[in-house]
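Let's take a walk through this fold together, starting with the overall layout and ending at the charged pairs. Keep the viewer open as you read.

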Amino acid sequence: MGKNRIANIGVAAMAGALAFAGVARWTHAAMTLASDGEPRSAIVVNGHNEQAEILQAYLQKITGAAIPLREQSTGEGTEIVLETVPRIPGSSDSPKARQAYRIKTAGGTLAISGASERGLLYGVYGFLDDHLGVRFWTPTFETIPRHASGQGRYHLRLFPHVAGAEDIR
């Protein structure tokens, strides 16, 4: 094979990979959490009261809507499900990996999963910061954007940046 043929194959492969990445990025449908100050979703608590109340309070500040809390999923409408799981896929078995979290959508459900209560709390704050634009500058100073809908596309797995984070993966 000549150099030009190899270069063309490389360019074609790169273009295909970029095209696939672009398609994969938009496979998650947009979810509307609130509209015009009215809730269009509910938070499924699953016994995680502290995390649910924090999320509810910030969503109200962001959207103007009081997102209701449900103890369990009804499977109806858009739900933000808070849950702890034994392990976040891709994390190790180290004790620090218990702080990992994942944010994922499937249908009308946005799931915030943590490998522990602390991991779930990090997931709630990560969702607020990374996806809804809340900025926690200091313990007493924060910036809260105002969005009428809280609409967006959400899918993310994160490992919090902590000392020794290399042990998490």
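**From layout to salt bridges**

What you have here is a predicted model, so local features need pLDDT of at least 70 and side-chain atom pairs count only at pLDDT 80 or more, while totals for chains, interfaces and linings use all residues. Residues are numbered from 1 along each chain as its sequence is written, and side-chain values use heavy atoms, with hydrogens and water left out.

Start with the big picture. The protein has 3 helices and 10 strands; helices (H or I, at least four residues) and strands (E, at least two) are DSSP runs, numbered from the N terminus. Going along the sequence, you'll meet them in the pattern α-β-β-β-α-β-β-β-β-α-β-β-β. Of the 169 residues, 37% count as buried (buried means under 20% relative accessible area, exposed over 50%, partly exposed in between, with a 1.4 Å probe and protein chains only). Now for contacts, meaning heavy atoms within 4.5 Å: among those between residues at least 6 apart in sequence, 69% join residues at least 24 apart.

So what sits in the middle of things? The largest nonpolar core has 27 residues, and L55 and I112 have the most contacts inside it. A nonpolar core here is a set of buried Ala, Val, Leu, Ile, Met, Phe, Trp, Tyr and Cys residues joined through side-chain atoms within 4.5 Å. Two or more residues each come from helix 2 (49-63), strand 5 (78-84), strand 6 (101-106), strand 7 (109-114) and helix 3 (117-131). Helix 2 gives the most, with 6 residues. Click on I112 and, leaving out residues up to four places away in sequence, you'll find that it touches L55, I80, V81, L82, E83, R102, I103, L120, G123, V124 and F127.

Helix 2 deserves a closer look. Its 15 residues should span 21 Å at 1.5 Å a residue, and the end C-alpha atoms are indeed 21 Å apart (the expected span is 1.5 Å times one less than the number of residues). Which of its residues are buried? They are Q51, A52, I54, L55, Y58, L59, I62 and T63. These residues cover an arc of only 165° around the axis, so they lie on the same side of helix 2; the arc is that of the directions from the helix axis to the C-beta atoms. An α-helix has 3.6 residues a turn, so residues three or four places apart point the same way. Right after helix 2 comes G64, with a positive phi near 85°.

Next, hop over to S41, in strand 3 (residues 41-44). S41 is buried, at 6% relative accessibility, and its side chain reaches the backbone oxygen of L33 at 2.8 Å. Neighbours within four places in sequence aside, S41 is in contact with T32, L33, I67, P68, T78 and I80.

Finally, the charged pairs. The whole structure holds 4 salt bridges, each a side-chain nitrogen of Lys or Arg within 4 Å of a carboxyl oxygen of Asp or Glu. One of them joins R70 to E79, with the closest N and O atoms 2.6 Å apart. Is each partner buried or exposed? E79 is buried, at 2%, whereas R70 is partly exposed, at 25%. Another pairs D93 with R87 at 3.6 Å, N to O; here D93 is exposed at 68% and R87 partly exposed at 43%. D129 and R135 also meet in a salt bridge, at 2.5 Å, with D129 partly exposed at 25% and R135 partly exposed at 33%.

Note on methods: Polar contact = N/O pair within 3.5 Å; in protein donor to acceptor, adjacent residues only side chain to side chain.
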